[in-house]
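Please open the structure in your viewer and keep the selection tool at hand. The tour below goes from one selection to the next and says what is found at each stop.

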Amino acid sequence: MLVTTFLMTLIMLLVWRCHWVLVLVFTVLSLVAECTYFSAVLFKVDQGGWVPLVIAAAFFVIMYVWHYGTVKRYEFEMHSKVSMAWILGLGPSLGLVRVPGIGLVYTELASGVPHIFSHFITNLPAVHSVVVFVCVKYLPVYTVPEDERFLVKRIGPKNFHMFRCVARYGYKDLHKKDEEFERKLFDNLFLFVRLENMMEGCSDSDEYSLYGQQTQNSTDYLLRNSGNLTTGNNDFTCSTVDSIIPVKSPTQGNNNTVASSGRESSQAEVDEMEFLNRCRDAGVVHILGNTVVRARRDSRFYKKIAIDYIYAFLRKICRENSVIFNVPHESLLNVGQIFYV
């Protein structure tokens, strides 16, 4: 109860922006009642008051061990992620055999290439023709609108066919009930390819860049024009991670240049869309990482108990990622690795 009161006070101050007088009144009234209960337990420890203290201590240990193991696992993935220079050094084939299909690599990282991918291609010298790194993030908001759900970005040159897709959910959104997650992901991926080629055909300068999701205006524009450029006075916008960049139609003086670049971008768009559709028809594989945390041999006994037994038990009874992401078992591939803390 005390912990809940302190957390509620922080929410009222930082999130709800309540007046300090209201926060003070709430905190004082709550602490008066809760400190009364807590002092009663302390004065009667030998008469059974030790039971709620033991229960509270057990929950505290469980929460602390879970938090410690989760933070260490995330730090390991952050520090061991692969640089883009390493990916570029592999070349278009990634130094491997590119098999038909699309590989969805699930990761907690919203930037960089996860270590689980390098671990996978190091032990299995083959990778799918199209690789999409999927990152699911839960934001501290009530809900995320459907048109703002996905952020798509290309990784490396076009001939690498590597993308990153960040799916954002609010605390009310239930991802495990989103049965059309895969279809929505590919719809946004195809829409990204159309918009990217359109941006390349709008101007021959480096003024425009595309790193994120498009706005609803650009989505409607693409659906109306099916990715073809026009020479009218229509305006639309493209949204990046940092800002929304207005994009205007080219002037009449550059019609010939725009038409030529438009045909090239349209042909490149058609080729890549056909390639993505062929890969999708060939099969989609969901690649999930399973990082196992273990205590080092020279660790103290209490750390070994906390990591090798308590945290391992909590991970075992926790829902698997395949259940959370609603991944079909026939297209699931688990890649495991051990991390020592």
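What follows is a walk through the chain, beginning with the whole and ending with single residues.

This is a predicted model, in which local features need pLDDT of at least 70 and side-chain atom pairs count only at pLDDT 80 or more, while totals for chains, interfaces and linings use all residues. Residues are numbered from 1 along each chain as its sequence is written, and side-chain values use heavy atoms, with hydrogens and water left out.

**The whole chain.** Select the protein chain and show it as a cartoon: it has ten helices and eight strands, which are DSSP runs numbered from the N terminus (helices are H or I with at least four residues, strands are E with at least two). Buried residues make up 38% of its 341 residues, where buried means under 20% relative accessible area, exposed means over 50%, and partly exposed lies in between, with a 1.4 Å probe and protein chains only.

**Confidence.** Now colour by pLDDT, the predictor's confidence in each residue from 0 to 100. The chain averages 77, and 76% of the residues score at least 70. Among the elements, helix 2 (residues 20–43) has the highest mean, 91, and strand 6 (residues 244–247) the lowest, 37. Select residues 203–253 with care, for pLDDT stays under 50 over this stretch.

**The largest nonpolar core.** A nonpolar core is a set of buried Ala, Val, Leu, Ile, Met, Phe, Trp, Tyr and Cys residues joined through side-chain atoms within 4.5 Å. Select Leu 104, Val 132 and Leu 185, which touch the most other members among the 27 residues of the largest core. The elements that give two or more residues to this core include strand 1 (97–107), strand 2 (126–138) and helix 6 (181–202), and helix 6 gives the most, with seven residues.

Stay on Leu 104 and show its contacts, meaning heavy atoms within 4.5 Å: not counting residues up to four places away in sequence, Leu 104 touches Val 132, Val 134, Leu 185, Phe 186, Val 284, Val 285, His 286 and Ile 287. Apart from this core lies another, of 16 residues, among them Phe 117, Val 127, Phe 133 and Ile 155.

**Leu 139.** Go next to the loop between strand 2 and strand 3, where Leu 139 is found. Leu 139 counts as partly exposed because its relative accessibility is 30%. Leaving aside its neighbours within four places in sequence, Leu 139 is in contact with Val 144, Arg 168, Tyr 169, Gly 170 and Tyr 171. Draw a distance from Leu 139 to Tyr 171: the two are 32 residues apart in sequence and 6.9 Å apart in space, C-alpha to C-alpha.

**Two loop residues with positive phi.** Select Arg 17, in the loop between helix 1 and helix 2. Its phi is near 60 degrees, a positive value in a residue other than glycine. Then select His 161, in the loop between strand 3 and strand 4, whose phi is near 55 degrees, again a positive value in a residue other than glycine.

Which of these counts as exposed, and which is buried? Arg 17 counts as exposed because its relative accessibility is 67%, whereas His 161 is buried, with a relative accessible area of 17%.
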